[in-house]
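Q: I would like a close look at a single part of this model, followed by whatever context helps to place that part. Please keep to what can be computed from the atoms.

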Amino acid sequence: MDHQTLALAIRWLHVAAMAMAFGGAFLVTWLAWRGPADRIADIAIRYEQLFWGAAGVLVMTGVGNLGALGPALPAPGTDWGRTFITKLLVVAILVAISLPRSLAVIVLASRAEPARAGLRAIYGVTTGTLAVTVGLAVTLAHG
């Protein structure tokens, strides 16, 4: 496999993993508002499993993208560089809130009737943070 094909595959995996993380968070948020109360905890737990798999893929492919594009990337002092640093900070915040979120989902799911309001808040914050990350990624891709 040549370098360009590999780089494209890595970028594709990166985008697909983000689509799963963001789309899944959005779906769980929506279901916490409108979905079946008896299934939301199971769905949230399944999302957590998928999220952490996607997070691993995002980290690996993000590092791969940096390796492939590294020398050609603009300096940190440029607008692109500052946006990239902001994206990395938002990703760090996302990871920092994700472990407590996963633990909270386990606690909420263990209850006889999961607290839908808690799930709404937890996944609302996750969806918002992922939306900011996607917005920054779009800015970087077109900047």
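How many residues line the largest pocket, and which of them lie nearest its centre?

A: The model is a predicted one. In it, the largest pocket has a lining of 30 residues. Those that lie nearest the centre of the pocket are His-14, Gly-62, Asn-65, Lys-87 and Ala-137. The space in this pocket comes to about 860 Å³.

By residue class, the lining consists of 24 nonpolar, 4 polar and 2 charged residues. Lys-87, one of the residues nearest the centre, counts as charged because Lys is grouped with Asp, Glu and Arg. Gly-62 is also in that central group, and Gly counts as polar under the scheme used here.

The lining draws on several parts of the chain. Helix 1 (3–34), helix 2 (40–69), helix 3 (79–110) and helix 4 (116–141) each contribute at least two residues to it. Helix 2 provides the largest share, with 9 residues. For context, the secondary structure of the protein amounts to 4 helices and 0 strands, which reads α-α-α-α along the sequence. The C-alpha trace spans about 55 × 35 × 20 Å along its principal axes. Of the 143 residues in the protein, 34% are buried.

Helix 2 is a useful place to continue. Met-60 is found in this helix, and its relative accessible area is 59%, so it is classed as exposed. Between Met-60 and Leu-13 the sequence separation is 47 residues, while their C-alpha atoms are 9.7 Å apart in space.

Helix 2 also takes part in a contact with helix 3. Glu-48 and Arg-101 form a salt bridge through their side chains, at 2.8 Å from N to O. This pair joins distant parts of the chain, with Glu-48 in helix 2 and Arg-101 in helix 3, 53 residues apart. Both partners fall below the 20% limit for buried residues: Glu-48 is buried because its relative accessible area is 6%, and Arg-101 is buried because its value is 3%.

The structure holds 2 salt bridges. The other pairing to describe is that of Arg-82 with Asp-79, where the closest N and O atoms are 2.6 Å apart. Here both residues lie in helix 3, separated by 3 residues, or about one turn of the helix. Arg-82 has a relative accessibility of 43% and is therefore partly exposed, whereas Asp-79, with a relative accessible area of 58%, is exposed. In general terms, side chains of opposite charge can pair when their charged atoms come close.

Helix 3 further carries part of a nonpolar surface patch. Trp-52, Val-95, Leu-99, Leu-103 and Ile-106 make up this patch, which covers about 470 Å². Its largest share, 4 residues, comes from helix 3. Ile-106 is a member of the patch and is found in helix 3; its relative accessibility is 52%, so Ile-106 counts as exposed.

To return to the part asked about: the pocket is lined by residues of which 24 are nonpolar, and helix 2 gives the largest share of that lining. Helix 2 also holds Glu-48, the partner of Arg-101 in helix 3.

Terms used: Residues are numbered from 1 along each chain as its sequence is written. This is a predicted model: local features need pLDDT of at least 70, side-chain atom pairs count only at pLDDT 80 or more; totals for chains, interfaces and linings use all residues. Side-chain values use heavy atoms; hydrogens and water are left out. On a 1 Å grid over the protein atoms alone, a cavity is a set of points where a 1.4 Å probe fits but cannot get out, and a pocket is an open set with protein on both sides within 12 Å along at least five of seven lines; lining residues have an atom within 4 Å of a point. Grid points are joined across faces, edges and corners, and a volume is the space filled by probe spheres set on the points. Buried means under 20% relative accessible area, exposed over 50%, partly exposed in between (1.4 Å probe, protein chains only). Patches are made of residues with over 30% relative accessible area and no salt bridge: like charges are joined within 9 Å, nonpolar side chains (Val, Leu, Ile, Met, Phe, Trp, Tyr) within 5 Å. Accessible areas come from the Shrake-Rupley method with a 1.4 Å probe; for residues, only the protein chains shown count as cover. A salt bridge is a side-chain nitrogen of Lys or Arg within 4 Å of a carboxyl oxygen of Asp or Glu.
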